[in-house]
Structure formats: C-alpha cells, structure tokens
Amino acid sequence: MNRGKTAVIVGAQWGDEGKGKIVDVLTQTFSVVARYAGGHNAGHTVIVNGKKFILQLVPGGILRPECTSVIGNGVVLDPMALLKEVASLRDAGVKVDGNLFISNRAQVILPYHRMMELGSENAPGRVKIGTTSRGIGPSYEDKMGRRGLRVADLLDAKLLRTHIENACREKNMIAHALFNSDPLDADKMFKEYAEAAEKIAPFVRDTALLLNQALAAGKSVVFEGAQGTMLDIDHGTYPFVTSSSATSGGAVTGTGVPPTAIDTVIGITKAYCTRVGGGPFPSELTDAQGEDLRKRGNEYGAVTGRPRRTGWLDLPLLRYAGMINGISWLVVTKLDVLDHLKEIPVCVRYKVNGKETAEVPAQACGYESIECVYRNMPGWATPTQGMRTVEELPKAAREYLAFIEKETGARVGMISTGPDREQTILVPDFVSQLGLKSPAARA
Ligand code: GDP
Ligand code: IMO
Ligand code: MG
C-alpha cells in the first residue's frame, strides 16, 4: 500500500488565524491529526452545528469519532490541563478513550514552571513578553537544558518522586533568590502528579511509531500547528515569540515523522492581521478602525480573553511565512469580517529608512523603523458570511483573494466565511489535491 498523504497546517501570522476550524474541515477525510508544538497556550476554536469547542492540547480530530488524535513529542503537556480538557470533552459526549494518544517523549509542565514564568514576567528590568502564563517557556528551557521530565518518566512513580524533590529544591531556591516567590511543596506536588499520571497512562504511546505505522498503512495525517510563524522561536519576532518551533519544520521534529513524509504545507491567514501579547506589529491599527476590526472579528484571546491587537493584512510577512514554511496553499479566514468596508488597505511592501526591502528584520527594534507601504483594495461592502462557493463571492472579494495569490505566489485553496464548519468555500483544485469531499457531496 502507498504511504498515506500528509498536510501540515501552519499559522502564517501571529497565531489565532483559525487553524482549529481548518483542521476540523480537513478531518472530513483525513484519518489522523497530530499536534507537534506548544501546549495549552494554544486555543483552537471549532464550531460544529452551533456547538463551540475550544481545544488547547487535544487535536481537532477528536471531534470526529473515526479520527485518531496524537499529541506529539514536541508538545509540552500540563497533565492537569489535559485531564480537565479530556473531562469536558467526555461531558460533551465526545469519544476520547481509544482515540487520543500522547507521546511518551512529550515534556511535562509542572507548577514550578508557572512559578518561574510569573516571576520573570513581572521582574523589574526584564523584557515583558506578555505570555499566556502557562509555564510554556520554562518547560522548554528545562527540555533544552536536559533536565526536563518526560511523559514516560511521569508514569514511573519512583523517578517522578526523585525528579520533583530535586527540581523543587533547585527551583524554590532560584525563585526565592530572584523573585522572592513562596516555596512549592514537593510532597504535595508528587501526590497530585502521581495521581494524574495514573489517569494519563492509558493514553501514552510511542507516537512516532504509531504515526509512521499509520502512514505506512496508507492512512492520511494532518499535522496541526499551534501559534504561528511570527511566534516561532527562530523565525518569529524574537524575543516576543513562544518557545517552540511553530513553523512547518516543527511538524517533523515534533512528531518523529521524516521530512520526506510531508506532502503539502497549508498556511492559514486571516484576511487581516491580529496579535495578542507584546512585540512588533508593523501594520497595527491603534485607532477607531482597529477597535472596529476587533469588535467585528470578536478578537479576544480564546485562552486568556485578552483583547487582540488588530491591523491590515501584511503581505511582506505573508511572503516571509511562505518562504520559511514552504506554503503551497493558503487558507484565508474571516473574510466576512471585512464585509462592511468600502476600501481595504493592504501592506504591500516595507520601507526602512526610505528604502524598500524584501527582508524581515532579525531584531525587534528593527521593526520600529519599518514603514508600511499600503495599497487600497476596493471593498465589497456586501455580506459574504456563510457563502460556500467562489462564484457567490462579490467580484471585489475575488479580486482581493487573487491579489493575495499574485503577491505571495501561493494559491488560495479555502476561504472561511464564518466560524462554523459549514461556512467554508473549498476551491476545486484544493479539494482534488487533498482528496476532500467536493462541496456538492457535503451539501
Ligand atoms: P486558532 O488558534 O488558529 O485555531 O484560532 P482561534 O480559535 O484562536 O481564533 C479564531 C477565531 O475566529 C475563533 O473565534 C473562530 O471561531 C473564529 N473564526 C474562524 N474562522 C472564521 C471566519 O471565517 N469568520 C469569522 N467571523 N470567525 C471565524
Ligand atoms: P494558537 O495556537 C496567539 C503568544 C502569547 C505571547 C507569546 C508567548 O491559539 O494560535 P507563551 O505563553 O507561548 O510563552 O507566550 O505567544 N501566544 C499566542 N498568541 N495564539 C496562540 O496560540 C498563542 N500561543 C502563544 O500571547 O505573546
Ligand atoms: Mg487560538
């Protein structure tokens, strides 16, 4: 049997592009969904028949009983957050048991990770990133420092006790010295986490083996990215980034499938731009128009509820995301949020010190000297919400999408016209390349 097809879903901006919804649409035919990076800093919204799910650690495949969901080794797993999410999915009647598998090599987030993050985010003189306070950064620090706890170790009670005792001693000393934090109780922590480990054990597997065997058996796999290109630890707006490889390369290292097994990379972009947390944002709107986009797009963080910063579509960043990830297909979401506009400014180029540049700066301070060059695209000023075919779209909306294609060199394969699973336009070539069901078959 031939190897199953694969696609990576990657955020092309600063996260919250609508990846959750798009993964859900793809799982109409894909058999396996694997998360490869991040942790419960992610919030992926999926709306099925009016019912809303906000998935943080569990991949979107869980909402289809025939789908297998995998949390890969690249993820940092908070056992308490996972158990809470699993419990609420079970309560909603979702089949989790037998469908969800967690890598034995994923890193574990422990309470001292949150303690360290809180301390350093609030410490005087430190750059405040505006993190989600989930312990993500300190947990990846421990991973790279080779002193982390992996899921396989969590299940080994003796090892768990020794690890927690040693780590607490060390972290309590550091946090007290640097941030004057109150010490954490290692004994209590061990008891809680040993109990959680028992509940997690049935989900744990060697998921690299599971995924490679699934591919060899001809099953199709979608790799669900978290965060976005500009939050990637290497390629994003460092240091205002998350601590993992959010870009498509992370799909390989974060799951244990070889690079040669990746067929397609699909970049998700909003029809405009948002970011939550601190850091550069060249096309940001800080005026009433920005507030208007926030209201119409309901731009409030799915995890923290923080208002998202808003701005116009940034094509230099989208081209950069295309280059870094190898994006061949783009999915444009939230087109309907622009329905009221008569004119839509789009950033087409950057100028630095009056000179045009194709480069994206490596330093956060480099962004301060960027001047966005805008082109005003005609708006369509008519509702597109819920449209399901390209033909229905107003001419100006089709031109807007064609302009994105021309400027990025990627094709638009899907357009999202509302938050619900059904509020989606699928382009026929995309449907045939990805082996999806045609819109007629969905109806
Ligand atoms: P993710 O983190 O990339 O999965 O995105 P989030 O779920 O954090 O944020 C996307 C938000 O936009 C969610 O509230 C979605 O329900 C919503 N959404 C997704 N696609 C569309 C769309 O086409 N139109 C509108 N109006 N909302 C959408
Ligand atoms: P999804 O998968 C948007 C941002 C935080 C902060 C920075 C670092 O839903 O798109 P962290 O807690 O990761 O150390 O915070 O990254 N951030 C996200 N922004 N969407 C996300 O995930 C994010 N995950 C982290 O706001 O600026
Ligand atoms: Mg999100």
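What follows is a walk through a few spots in this structure, from a metal site to helix packing and some backbone oddities. Keep in mind that this is a predicted model.

Let's start at the metal. The magnesium ion (ligand 3) is held by two protein donors, Asp16 through OD and Gly43 through its O, at 2.1 to 2.2 Å. Those two residues sit 27 residues apart and bring together distant parts of the chain: Asp16 comes from the loop between β1 (6-11) and α1 (19-26), while Gly43 belongs to the loop between β2 (32-35) and β3 (44-48). How exposed is each of the two? Asp16 is partly exposed, at a relative accessible area of 23%. Gly43, with 12% relative accessibility, counts as buried, because the cut-off for buried is under 20%.

Next, have a look at the helices. Two packed helices are described by the angle between their axes and the distance between the axes. Take α2 (residues 79-91) and α7 (residues 186-200): they pack at about 45°, and their axes lie 10 Å apart. α2 and α7 are therefore oblique to each other. The way α2 passes α7 is a left-handed crossing. On the α2 side, the contact is made by Pro79, Met80, Leu82 and Leu83, and on the α7 side by Glu192, Tyr193, Ala196, Lys199 and Ile200.

Now compare that with α3 (111-122) and α4. Here the axes come within 7 Å and cross at roughly 115°. That angle makes α3 roughly perpendicular to α4, because the range for roughly perpendicular is 65 to 115 degrees. The α3 and α4 crossing is right-handed. Which residues make the contact? Tyr112, His113, Met116 and Glu117 do so from α3, meeting Ile136, Gly137, Pro138, Ser139 and Asp142 of α4.

Helix α4 (residues 136-144) deserves a bit more time, with Ile136, Gly137, Pro138, Ser139, Tyr140 and Asp142 buried in it. What do the buried residues of α4 pack against? Their partners are β6 (76-77), β8 (107-108), α3 and α6. Just past the end of α4, Arg146 takes a positive phi of about 60°.

Two of those partners can be followed residue by residue. From strand β8, pick Gln107. Gln107 is buried, at a relative accessible area of 6%. Its neighbours, leaving aside residues up to four places away in sequence, are Asn73, Val75, Val76, Leu77, Ser139, Lys143, Gly148, Leu149 and Arg150. Ser139 in that list is one of the buried residues of α4. The C-alpha atoms of Gln107 and Gly148 are separated by 6.6 Å, although the two residues are 41 apart along the chain.

From helix α6 (residues 157-179), pick His163. His163 counts as buried, at 17% relative accessibility. Setting aside residues up to four places away in sequence, His163 touches Tyr112, Arg147, Gly148 and Leu149. Gly148 and Leu149 also turn up among the contacts of Gln107, and Tyr112 is one of the α3 residues that meet α4.

Our next stop is the loop between β10 (221-224) and α9 (249-253), where you'll find Thr237. Is Thr237 buried or exposed? Thr237 is buried, with a relative accessible area of 1%. Its side chain makes a polar contact with the side chain of Arg275 at 3.1 Å. Beyond residues up to four places away in sequence, Thr237 touches Trp14, Met230, Arg275, Pro280 and Tyr367.

That loop has some backbone features to check too. The peptide bond from Tyr238 to Pro239 is cis, and its omega is near 5°. Pro239 lies in the loop between β10 and α9, as does Gln227. Gln227 is not a glycine, yet it has a positive phi of about 55°. Gln227 is also buried, at a relative accessible area of 8%.

One last backbone stop lies in the loop between β15 (329-333) and β16 (343-352), which holds Lys334. Lys334 has a positive phi of about 60° without being a glycine.

Terms used. Residues are numbered from 1 along each chain as its sequence is written. Chains are lettered from A and ligands numbered from 1 in the order in which they are written. This is a predicted model: local features need pLDDT of at least 70, side-chain atom pairs count only at pLDDT 80 or more; totals for chains, interfaces and linings use all residues. Side-chain values use heavy atoms; hydrogens and water are left out. Helices (H or I, at least four residues) and strands (E, at least two) are DSSP runs, numbered from the N terminus. Buried means under 20% relative accessible area, exposed over 50%, partly exposed in between (1.4 Å probe, protein chains only). A polar contact is a pair of N or O atoms within 3.5 Å; within protein, one must be able to donate a hydrogen and the other to accept it, and residues adjacent in sequence count only if both atoms are side-chain atoms. Contact means heavy atoms within 4.5 Å. Donors are N, O and S atoms within 2.8 Å of the metal (3.2 Å for Na, K and Ca); water is not among the atoms, so sites may look incomplete. Axes are lines fitted to C-alpha atoms, for helices over the stretch in contact, and angles run from 0 to 180 degrees between N-to-C directions. Angles under 35 degrees count as roughly parallel, over 145 as roughly antiparallel, 65 to 115 as roughly perpendicular and the rest as oblique. A crossing is left-handed if the near helix is turned anticlockwise from the far one by less than a right angle, and right-handed if clockwise.
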